[in-house]
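Subject: Structure handover

Hi,

Here is the structure I promised to pass on. Please open it alongside this note.

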Amino acid sequence: MRAAVVTFPGSNCDRDLAVAFEAAGFDVHRVWHKDTALPDNLDVIGLPGGFSFGDYLRCGAIAANAPICREVKAFAERGGHVLGICNGFQVLLETGLLPGALMRNGSLHFVCKPVGLRVESAASPYTAPYGKGAEITIPVAHHDGNFQADADTLSMLDAEGRIAFRYAENPNGSAGDIAGILSENHRVLGMMPHPERAIDEMHGGTDGAALFAGLAEALVSA
Amino acid sequence: MKATVTVMLKNGVLDPQGEAVKSALGALGFAGVDAVRQGKVIELDLAEADATTAEATVTDMCEKLLANTVIESYRVEIG
């Protein structure tokens, strides 16, 4: 299985994400934002956390228009799997691959702590291993994680089982306590918490590991 | 030709920064501030000399990059 991890200027979780994919058995290729082509026979693309382009204009807005993102978008539209974490989630929203927007946290504070999440949908390769209703702990670290969308979009996401995770205790003001959402085909996941920071006992928890392992298993059996 | 783009959060979208500024103004003793909305202003210097063409181009820039129309509205002023 082959994964690509994209690095933008200001990405800072790209290596951690590569390690998490490798731990789950992926052959990882690092891709630079100016690249205009993706590796061949790719199974999944990871968009990492960080502060791409210094969060200028809006978080993720400049990165979403980087040359490589045209390829990421085309890959997703062909049915490819894309995982966007934190800043990567912001990029996915700015590309339009996922609906809604991430705004400044309601508290205006940067939040950096482990948070409880409830798995809302098991109908994706990322969330199936946990099972619907499972409670897991994954760290968040963000200033702009306040997910907002209009009422129609929120009810559509709910009705179509596209809300992957909700916060047990809302840390940022997100509508409906939403921590992560899925695309219509459930192959693109955007989430604010960092599963790649919870894959080793030394991280303080390993609840993130199943997300990568589940994806690997789904891709192998596909 | 100069263009000025004003980007604001849409009405109905909660603006936590505006709320914080409002509360800080209250703390400074400025009474009677009913609401504060915070946005951004982007100034552009354009090679284009025709105002109509410039406005169309800047509007396209707003749709593609300068504003996130999910949560933001924008206004373009030319000249």
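Below is what I found, topic by topic.

**Confidence**

This is a predicted model. The predictor gives the complex an ipTM of 0.86 and a pTM of 0.94. Chain B has a mean pLDDT of 95, with 100% of its residues at 70 or more. Within chain B, strand 2 (residues 40-45) has the highest mean pLDDT of its elements, 98. Helix 1 (residues 16-27) of chain B has the lowest, 93.

**Annotated site**

The UniProt record, an unreviewed entry, puts the feature "active site" at Cys86(A), His194(A) and Glu196(A). These positions spread over 111 residues of sequence. In space they cluster, with a largest C-alpha distance of 10.9 Å.

Start with Cys86(A). It sits in the loop between strand 4 (81-85) and helix 3 (87-95) of chain A. Is Cys86(A) buried or exposed? Cys86(A) is buried, because 29 other C-beta atoms lie within 10 Å and the cut-off for buried is 20 or more. Leaving out residues up to four places away in sequence, Cys86(A) touches Cys13(A), Gly49(A), His142(A), Met192(A) and His194(A).

His194(A) is in the loop between strand 11 and helix 5 of chain A. His194(A) has 24 C-beta neighbours inside 10 Å, so it counts as buried too. Its contacts, again without neighbours within four places in sequence, include Cys13(A), Gly49(A) and Cys86(A). Also among them are Ile85(A), Ile138(A), Pro139(A), Val140(A) and Ala141(A). Cys13(A) and Gly49(A) therefore appear in the contact lists of both Cys86(A) and His194(A).

**Strands 9, 10 and 11 of chain A**

Strand 10 of chain A is mostly covered: five of its five residues are buried. It has partners in strand 9 and strand 11 of chain A. Strand 9 (residues 163-167) of chain A runs antiparallel to strand 10 and is joined to it by three bridges. Strand 11 of chain A also pairs with strand 10 in the antiparallel sense, over three bridges.

Which residues stand opposite Gly180(A)? Phe165(A) does, from strand 9. Met191(A) does, from strand 11.

Strands 10 and 11 of chain A form a hairpin with five residues between them. His186(A) is in that turn. It has a positive phi of about 65°, although it is not a glycine. His186(A) has 19 C-beta neighbours inside 10 Å, so it counts as partly exposed.

**A second positive phi**

Asp55(A) has a positive phi of about 60° and is not a glycine either. Its loop runs between strand 3 (44-47) and helix 2 (67-77) of chain A. Asp55(A) has 18 C-beta neighbours inside 10 Å, so it also counts as partly exposed.

**Nonpolar cores**

Nonpolar side chains tend to be buried together in soluble globular proteins. Here the largest nonpolar core holds 72 residues. Val5(A), Val6(A), Phe21(A), Val82(A) and Leu92(A) touch the most other members. Which element gives the largest share of this core? Helix 5 (residues 209-221) of chain A does, with five residues. A second, separate core has seven residues, including Ala54(B), Leu66(B), Ala67(B) and Tyr74(B).

Leu92(A) touches Leu47(A), Val82(A), Gly84(A), Leu97(A), Leu98(A), Val188(A) and Gly190(A), with residues up to four places away in sequence left out.

Leu215(A) is found in helix 5 of chain A. With 28 C-beta neighbours inside 10 Å, Leu215(A) counts as buried. Its C-alpha atom is separated by 4.9 Å from that of Pro125(A), 90 residues apart along the chain. Pro125(A) is also one of its contacts. The others, not counting residues up to four places away in sequence, are Ala24(A), Val44(A), His81(A) and Tyr126(A).

**Interface**

How many residues of each chain are in contact with the other? Eleven residues of chain A are in contact with eight of chain B. The chain A side divides into four nonpolar, four polar and three charged residues.

Best wishes

Definitions and conventions: Residues numbered from 1 in each chain as written. Chains lettered and ligands numbered in written order. Predicted model: local features only at pLDDT ≥ 70, side-chain atom pairs only at ≥ 80, totals over all residues. Helix = DSSP H or I, 4+ residues; strand = E, 2+ residues; numbered from the N terminus. Buried ≥ 20, exposed ≤ 12 C-beta atoms within 10 Å, placed from the backbone. Core = buried A, V, L, I, M, F, W, Y, C linked by C-beta atoms within 7 Å. Contact = placed C-beta atoms within 7 Å. UniProt positions renumbered as here; feature names shortened; annotations may be inferred. pLDDT = per-residue confidence, 0-100. Nonpolar A, V, L, I, M, F, W, Y, C, P; charged D, E, K, R; others polar. Pairing = 2+ DSSP bridges.
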